[in-house]
Amino acid sequence: MDGFNSTSSPYAPQVRRNQPLPSLSLCVPPGWQHGDQWAPEELKLRMDLHKLLPSVSEPKKSLTLGDVNYTASIGPPGSEHEIFLRRN
């Protein structure tokens, strides 16, 4: 055993808790109206960058758009690439 302990290593990934959700307000198209709706493509790309894109293994994720909280969920079977936004 080399004595390496991943929990005490300075190279171990740091887990951040209680971080505020990133606001993705700049990723919505002009004329965006708050409410329940399908996510536009650019928003889905940004959600993916922030690891907020839901998936089959994690079908719901939370995000903020213009100080409004939403739950994003994957589309129905066969349309899992579609993301539905529901205002909380």
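Below, a visitor asks how the labels given to this predicted model are reached, and a guide answers.

Visitor: What elements does the protein chain hold, and in which order do they run?

Guide: The protein chain has 1 helix and 4 strands. Starting at the N terminus, they run β-α-β-β-β.

Visitor: What makes the 4 strands a sheet, and in which order do they stand?

Guide: The strands form an open sheet in the order E1-E4-E3-E2, with antiparallel pairing. Two strands count as a pair if at least two bridges are found between them. E2 (residues 60-65) and E3 have 6 bridges, and E3 and E4 have 5, so both meet the cut-off of at least two.

Visitor: Why are E1 and E2 said to stand at the edges?

Guide: Each of them has a single partner strand, so one side of E1 and one side of E2 are left without a neighbour in the sheet.

Visitor: Which residues stand opposite each other in these pairings?

Guide: Between E2 and E3, Thr-64 stands opposite Asn-69, and Lys-60 has Ser-73 as its bridge partner in E3. On the E4 side, Ala-72 is opposite Leu-85.

Visitor: What lies between E2 and E3 in their hairpin?

Guide: There are 2 residues between the strands, and in this hairpin Gly-66 takes a positive phi near 55 degrees.

Visitor: Why is strand E3 called largely enclosed?

Guide: A residue is buried when its relative accessible area is under 20%. In E3 (residues 68-74), 5 of the 7 residues are buried, so the strand is largely enclosed by the rest of the structure. For the protein chain as a whole, 30% of the 88 residues count as buried.

Visitor: How do you know whether Leu-45 is buried or exposed?

Guide: Its relative accessibility is 59%. Exposed means over 50%, so Leu-45 counts as exposed. Leu-45 is in helix H1 (residues 41-49). Its C-alpha atom is separated by 8.9 Å from that of Cys-27, 18 residues apart along the chain.

Visitor: Where does H1 lie with respect to the strands?

Guide: H1 lies across E2, E3 and E4, and runs at about 85 degrees to E4.

Visitor: How many aromatic pairs does the structure hold?

Guide: The structure holds 1 aromatic pair. The ring centres of Trp-38 and Phe-84 are 5.0 Å apart, and rings pair if their centres lie within 6.5 Å.

Visitor: Why is the pair of Trp-38 and Phe-84 called edge-to-face?

Guide: The planes of the two rings stand at 75 degrees. Planes over 60 degrees apart count as edge-to-face, so the pair of Trp-38 and Phe-84 takes that name.

Visitor: What makes this a link between distant parts of the chain?

Guide: Trp-38 is in strand E1 (residues 37-38) and Phe-84 is in strand E4 (residues 83-87), 46 residues apart.

Visitor: Why do Trp-38 and Phe-84 get the labels they have for accessibility?

Guide: Phe-84 has 17% relative accessibility; buried means under 20%, so Phe-84 counts as buried. Trp-38 has 46%. Partly exposed covers values between the 20% and 50% cut-offs, so Trp-38 counts as partly exposed.

Visitor: How much area does the protein chain expose, and which atoms supply 52% of it?

Guide: About 6600 Å² is exposed, and carbon and sulfur atoms supply 52% of that area.

Note on methods:
Residues numbered from 1 in each chain as written. Predicted model: local features only at pLDDT ≥ 70, side-chain atom pairs only at ≥ 80, totals over all residues. Heavy atoms only, no water. Buried < 20%, exposed > 50% of the residue type's maximum accessible area, 1.4 Å probe, protein only. Areas by Shrake-Rupley, 256 points an atom, 1.4 Å probe, with all protein chains shown as cover. Phe/Tyr/Trp six-rings, centres within 6.5 Å; stacked < 30°, edge-to-face > 60°. Contact = heavy atoms within 4.5 Å. Axes fitted to C-alpha atoms, helices over the stretch in contact; angles between N-to-C directions.
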